[in-house]
Amino acid sequence: MHLNLKTPNTLKKIKNALISVYNKNGLDEIINRLHQLNINIYSTGGTFDFIQRLGVPATTVESLTSYPSILGGRVKTLHPKVFGGILGRRDEEDDRQQMTEYEIPEIDLVIVDLYPFEETLASGANEQEIIEKIDIGGISLIRAAAKNYIDVLIVASCTYYDTLLRLLDTHEGASDLKDRKHFASHAFNVSSHYDTAIFKHFNDDEFTTFKQSVSDRKSLRYGENPHQKGYYFGNLDEVFEQLHGKKISYNNLIDLDAAVNLINEFEEPTFAILKHNNACGIASRESLISAWKDALASDPISAFGGVLITNRLVDVICAEEINKLFCEIILAPKYENNALEILKSKKNRIVLQMKAFDFPEVQFRSALNGVLVQEKDFKTEIVDDFKTVTIASPSKTEVEDLIFANKIVKHTKSNTIVLAKNKQLIATGVGQTSRVDALKQAIQKAELFGFELRGAVMASDAFLPFADSVKIAYKVGITAVVQPGGSVRDKDSIEYCNENKMSMVFTGVRHFKH
């Protein structure tokens, strides 16, 4: 491919423009400005009719090609006189001679806005309607004009109309190489995003290849640390509404992701407090104020500056209590008006209102020189998944606490141990290199905050490799254990529990989180 990249950065006058757009909002300003600049306009179907209604002269593509729009509009611009005018290299003698011979006009500006494939898909349209919104001519025009950015300016979506207007005004109907390359970059972004959306619709296996394209970019204050740049790609407005507070940070978003995944495990009124993606306090109660007080009691030190989340409306009583604590964020499905005003009293506190949203079923993260992709962990064990492996069976209260603790352990960094009692998090051992260390850490924290561990339950994210964990648990009064099982030494743990009248259930499911 020949590219004269040494072309001086001089202005090129726009003489001829081709316009074929779906979204005509804001197009009238473009048309009128082109007309004022004496730029000839070629156009198709509905766009031509729109231009005519503005009283601006234009030429139909059919007049240029001597072919009508055929196949129900599927073929309009796919013709050598159109694409020759776009792809013809102005500095190549052979190209110029052929364009003269075949009476192909030089097209200097192409304006396209594609059929709304993603919007049609999201609307629940039937398959035939979706197929018809796969743009062929438009995407071809975009690629051709972007490829020949040395000579052609491409506007690939209506989002660039304002930018085009500024350019036309600045250069009085001309463009320079820097402009054209910038617009070409945007054009290839539009075309690749469009094709990715189509591929994902047709692809039956999410793990065949890794393709993601997200156009919405949000600049963050910084990344994980102040010396790192950070961005979020996605539409947060789909997930929650920010009612108050400062700009959300990179770390805030990671914490919010962890918080939402955790709270979605619970149906009864529940309050959770998270710090660095892990729950430091959580409780389920009949009343939300009780849930809040008991969640805070789990670890009032770590709660400082934490992320708060609940699955119920926050009332004035709760808001007054919450307001006594410095917290970064609170997220709830709804707030009483007066409660909201109380929470807004702290200038920088981020107050978010959750929306109903179906989150992706696939997770991915960068690793080394590639990307790791996996199914999301949707497995949440219920009582029917528990297999009692000891002589003693857990009581009804212990079963409820085991289910509660197991939900938390699923969302806590490995290696982890969770201690719970009466549907309240007593303590966690988080991110330790051994399970025994995690248990000792949890016990130490529980004792620090004055919790009575007698009658508490223990949950482990993975199997207990030796009997040492149940021995330590028994000595502090823990009476029931839930773990996946699967160690070659499971028998040792079971025998110790039987000797000391502890109950233990296996789930057969590991919940590592790294």
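**Exercise 1. How do the residues of the lining of the second largest pocket divide into nonpolar, polar and charged?**

Solution. The structure is a predicted model, and the pocket is taken here step by step.

- Begin with the space itself: the second largest pocket has a volume of about 500 Å³.
- Next, identify the lining, which consists of 26 residues, with Gly73, Arg74, Lys76, Tyr115 and Asp135 lying nearest the centre of the pocket.
- Then look for the elements that give two or more residues to this lining, which are strand 2 (16–21), helix 2 (45–53), strand 5 (109–113), helix 7 (127–132) and helix 8 (137–147).
- Finally, sort the lining by character, and the division is 10 nonpolar, 10 polar and six charged residues.

**Exercise 2. Describe the largest cavity and the residues that line it.**

Solution.

- Counting cavities of 30 Å³ or more gives one, and the largest cavity holds about 30 Å³ of space.
- Its lining is made up of Lys12, Lys13, Ile14, Asp108, Asp151, Val152, Leu153, Ser175 and Arg180.
- Sorted by character, the lining of the largest cavity has three nonpolar residues, one polar residue and five charged residues.

**Exercise 3. Work out how helix 16 and helix 17 are arranged relative to each other.**

Solution.

- Two packed helices are described by the angle between their axes together with the distance between those axes.
- For helix 16 (residues 435–448) and helix 17 (residues 468–475), the axes come within 9 Å and cross at roughly 15°.
- Angles under 35 degrees count as roughly parallel, and therefore helix 16 is roughly parallel to helix 17.
- The crossing in which helix 16 passes helix 17 is right-handed.
- Helix 16 makes the contact through Arg435, Val436, Leu439, Lys440 and Ile443, while helix 17 contributes Asp468, Ser469, Ile472 and Ala473.
- Among the residues of this contact, five are nonpolar, one is polar and three are charged.

**Exercise 4. Locate the cis peptide bond at asparagine 415 and the positive phi values of lysine 423 and lysine 501.**

Solution.

- The peptide bond that runs from serine 414 to asparagine 415 is cis, with omega near -15°, and asparagine 415 lies in the loop between helix 15 (396–410) and strand 19 (417–421).
- Lysine 423, although not a glycine, has a positive phi of about 55°, and its place is in the loop between strand 19 and strand 20 (424–429).
- Lysine 501, likewise a residue other than glycine, has a positive phi near 60°, and is found in the loop between helix 18 (490–499) and strand 23 (503–506).

Definitions and conventions
Residues numbered from 1 in each chain as written. Predicted model: local features only at pLDDT ≥ 70, side-chain atom pairs only at ≥ 80, totals over all residues. Heavy atoms only, no water. Axes fitted to C-alpha atoms, helices over the stretch in contact; angles between N-to-C directions. Helix = DSSP H or I, 4+ residues; strand = E, 2+ residues; numbered from the N terminus. Parallel < 35°, antiparallel > 145°, perpendicular 65-115°, else oblique. Left-handed = near helix turned anticlockwise from the far one by under 90°. Contact = heavy atoms within 4.5 Å. Nonpolar A, V, L, I, M, F, W, Y, C, P; charged D, E, K, R; others polar. 1 Å grid on protein atoms, 1.4 Å probe; cavity = no way out; pocket = protein on both sides within 12 Å on 5 of 7 lines; lining within 4 Å. Points joined across faces, edges and corners; volume = space filled by probe spheres on them.
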